Amino acid sequence: MNKLGRVSENLSKNLDEDLLLQEPVSVWKRIYKRLMSRRSGKIGLFLIGFVFFIAVAAPIIAPYDPQQVLIGKEKVKKREAPCIHMLGCDISKPAHLMGIDGNFRDQYSRIIYGSRISLSIGFSTVSFAVIGGVLLGALAAFFGGWIDNIIMRIMDVILGFPSLLLAIAIVAVLGPGIRNALLAIAIVTLPAYARLTRASVLSVKELDFVKASITLGASPTRLLLSRILPNSLTPVVVLATLGIATAILDAAGLSFLGLGAQPPTPEWGTMLGSERNQVFSAPHLVFFPGIAIMITVLGFNLFGDGLRDALDPRLNN
Amino acid sequence: MSKQSAQLEVKNLTTCFRTGTENVTAVDDISFSVNKGETLCIVGESGCGKSVSALSIMGLLPPAGYVKSGSVNFQNNNLLSVSSSQLEKLRGNRISMIFQDPGSSLNPVMKIGDQVGEIFRIHLKMSKKESLEKALGMLKQVEIPDPESRMLTYPHELSGGMAQRVMIAMALSCNPDILIADEPTTALDVTIQSQILNLMTQIQKKTETAIILITHDLGVVAEMADKVLVMYCGQIVEHGDVKTVFNSPVHPYTKALMKSIPIIGKKTKKLDAIPGRVPSLDMLPKGCRFEQRCSEKNIQITPDCQGRIPPIFNLNNNHGSRCWLKKENQ
């Protein structure tokens with residue numbers, strides 16, 4: 001009996017100490033920890049970080065100006081294969097890690113600068129689509145009735161078209177160019193965010209704390225902006241991360257078709273598109289932009305997956 | 001009691017719900033009033049219309065519900081007909097409400113301090129810094145241990161009792177005239193329950209807030225109430241001072257409720273339960289709504305019991321009961 005008492009005393013003492021020693025963990029730290037505990041999140045974060053680093057440090061890393069035509073400045077041939085000194089290329093020749101493109105430019109520098117364009121397209125399209133979609137979805141869910149009907153029917157119409165086809169149609173009307181391509185992709189992806197936000201707001205709207213806020217005198221605007229929206233954005237965050245990948249891919253697709261970024265902009269899709277006929281004679285001009293797109297898209301997809309797991313409290317392990 | 005001191009006066013409130021085929025009446029013609037510093041308890045079993053009456057007063061009915069008739073008079077305003085912006089100003093400021101489940105009544109993404117302070121910013125137009133100071137004061141007043149560090153925590157880090165204290169702090173921050181508490185202690189364990197109830201009485205003594213306490217726990221009623229309303233099937237079946245109602249309950253339903261409380265230490269084979277079940281709101285009997293479950297109808301029954309809905313008979317000093325059998329007694 002005495003022993004038992006001592007054991008339990010010790011136990012409770014330890015528990016107390018444990019509780020005291022446990023420092024409060026902030027929400028962000030916890031999410032980061034859970035993100036890093038999964039391989040997909042780790043790899044995704046690494047790939048995104050890698051692409052980001054390249055985009056930020058582009059002027060330092062890139063040996064040439066991406067738009068500089070090297071004809072007359074160096075002895076290079078059109079679509080020359082990569083020349084890497086370490087792999088046995090003649091030292092007397094200047095190094096071109098990814099070769100020379102059809103217009104006598106350094107492919108390596110163009111790929112590096114391309115990351116800037118792809119990332120900015122990805123982020124700006126998604127922010128535009130998220131802001132628009134969240135706003136429309138939240139309004140539809142919050143007010144309901146005819147407002148809901150009008151907004152959601154328009155979204156249904158947009159969703160009814162194959163997305164790339166609609167984007168092509170919008171660019172065809174607005175004219176090709178990087179800005180119009182961006183707008184087209186944003187419009188095409190917007191309904192997904194609107195739907196998701198609407199569903200999320202509808203469920204949060206019925207929760208007790210919203211009712212409690214009403215009894216404490218919160219106005220409808222405050223209810224929507226500071227109560228309902230912050231509590232319904234988790235799924236949107238996940239979809240947006242995955243959406244960046246889709247946006248980059250779509251933008252590359254449009255550029256490939258000649259509807260997005262126009263030459264000589266060093267955009268990966270454009271580079272891919274303009275050299276597609278030389279796949280067999282100069283594979284490096286198609287291979288490297290393709291790899292660059294793949295790495296970026298893969299990074300965002302993996303990160304999005306990891307983030308979804310990290311933000312989902314039901315997958316707590 | 002003089003009419004002047006009545007803080008809130010509910011008159012003939014009838015609330016209906018639209019269902020698929022027809023409308024059902026959830027709250028049927030209830031009238032009551034609360035005075036300054038007084039506690040009114042509304043008791044009754046689940047689904048008898050306690051919460052719906054509170055929601056009607058606050059204007060929080062779900063989309064399917066609507067107030068068919070009646071008035072809620074508060075400081076020369078009829079709460080049922082004031083504009084929504086006026087109602088916004090009153091809610092949280094002059095009338096507050098606390099809910100059953102404290103864990104889900106706080107905004108999960110806002111820090112406690114910001115949440116409590118927000119009330120001051122909304123209603124008293126204080127600056128952020130001032131409001132946070134006031135919030136800290138409120139947390140101290142509701143006896144939250146270590147309020148400074150609690151200000152910076154999120155709701156999920158609080159226990160149920162703590163969260164309910166925060167809710168009370170928020171509800172009482174503008175010294176409201178009326179506090180509606182919808183089963184504030186149901187989700188808490190018994191020791192916390194008594195702490196919370198003590199806290200409410202203490203603050204009430206200081207601020208003279210009128211409290212409308214909705215509960216199904218007669219123990220809570222005995223501890224807290226000045227006046228009691230017993231509801232059954234949307235109607236008030238008995239009302240009166242807490243002592244009168246507890247010492248000499250008149251309506252068979254009230255009596256049955258009292259009998260069904262288990263007594264600690266007394267060994268009984270079976271709890272006294274009320275036989276039968278609450279009639280569905282869309283199939284109410286023509287006469288007294290408790291008639292089918294009434295235990296006294298075996299002893300004495302009047303033809304009216306099955307035929308007509310009894311009115312509330314006033315017995316003496318504010319004590320009334322909706323029972324045909326008892327009108328002759330007095």
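In which sense, and over how many bridges, do E7(B) and strand E8 (residues 210-215) of chain B pair? In this predicted model, E7(B) and E8(B) pair in the parallel sense, and 5 bridges connect them. Within that pairing, B:Asp182 has B:Ile214 of E8(B) as its bridge partner. Between the two strands the chain passes from E7(B) through helix H7 (residues 190-207) of chain B to E8(B), and this β-α-β crossover is right-handed.

Strand E7 of chain B also has a pairing with strand E6 (residues 95-98) of chain B, in the parallel sense and over 4 bridges. Here B:Ala181 in E7(B) is the bridge partner of B:Ile98. The surroundings of strand E7 (residues 178-182) of chain B can be read from burial, for which the cut-off is 20 or more other C-beta atoms within 10 Å of the residue's own. Because 5 of the 5 residues of E7(B) are buried, this strand is largely enclosed by the rest of the structure. The burial applies to both directions in which its residues point: B:Ile178, B:Ile180 and B:Asp182 point one way, B:Leu179 and B:Ala181 point the other way, and all are buried.

These strands belong to an open sheet of 8 strands in chain B, with the order E6-E7-E8-E3-E9-E10-E12-E11 and mixed pairing. Its edge strands are E6 and strand E11 (313-316) of chain B, each of which pairs on one side only. On average, and with direction ignored, neighbouring strands of this sheet are turned by 20° against each other. Following the order past E8(B), one comes to strand E3 of chain B. Strand E3 (residues 39-43) of chain B pairs with E8(B) in the parallel sense over 5 bridges, and B:Thr39 stands opposite B:Ile211 in E8(B). Helix H1 (residues 50-58) of chain B packs on the sheet and touches E3, E6, E7, E8 and strand E9 (227-232) of chain B. The direction of H1(B) makes about 145° with that of E7(B).

Chain B also contains an open sheet of 4 strands, in the order E2-E1-E4-E5 and with antiparallel pairing. At its edges are strand E2 (23-35) and strand E5 (77-78) of chain B, each pairing on one side only. Strand E1 (residues 6-18) of chain B runs antiparallel to E2(B), and 9 bridges join the two. One of the positions along this pairing is B:Leu8, which stands opposite B:Val34 in E2(B).

Chain A is built from helices: it has 13 helices and 0 strands. Of its 317 residues, 40% count as buried. Among the contacts in chain A with a separation of 6 or more, 70% are between residues 24 or more positions apart.

The contact between the chains takes 22 residues from chain B and 15 residues from chain A. On the side of chain B that touches chain A, helix H2 (84-90), E6, helix H3 (112-123) and helix H6 (160-172) of chain B each supply at least two residues. The largest share of that side, 3 residues, comes from H3(B). By class, the side of chain B that touches chain A has 11 nonpolar, 7 polar and 4 charged residues. Strand E6 of chain B thus appears in two settings, as an edge strand of the sheet of 8 strands and as a contributor to the side that touches chain A.

Terms used: Residues numbered from 1 in each chain as written. Chains lettered and ligands numbered in written order. Predicted model: local features only at pLDDT ≥ 70, side-chain atom pairs only at ≥ 80, totals over all residues. Pairing = 2+ DSSP bridges. Buried ≥ 20, exposed ≤ 12 C-beta atoms within 10 Å, placed from the backbone. Contact = placed C-beta atoms within 7 Å. Right-handed = clockwise from strand over helix to strand, strands pointing away. Axes fitted to C-alpha atoms, helices over the stretch in contact; angles between N-to-C directions. Nonpolar A, V, L, I, M, F, W, Y, C, P; charged D, E, K, R; others polar.
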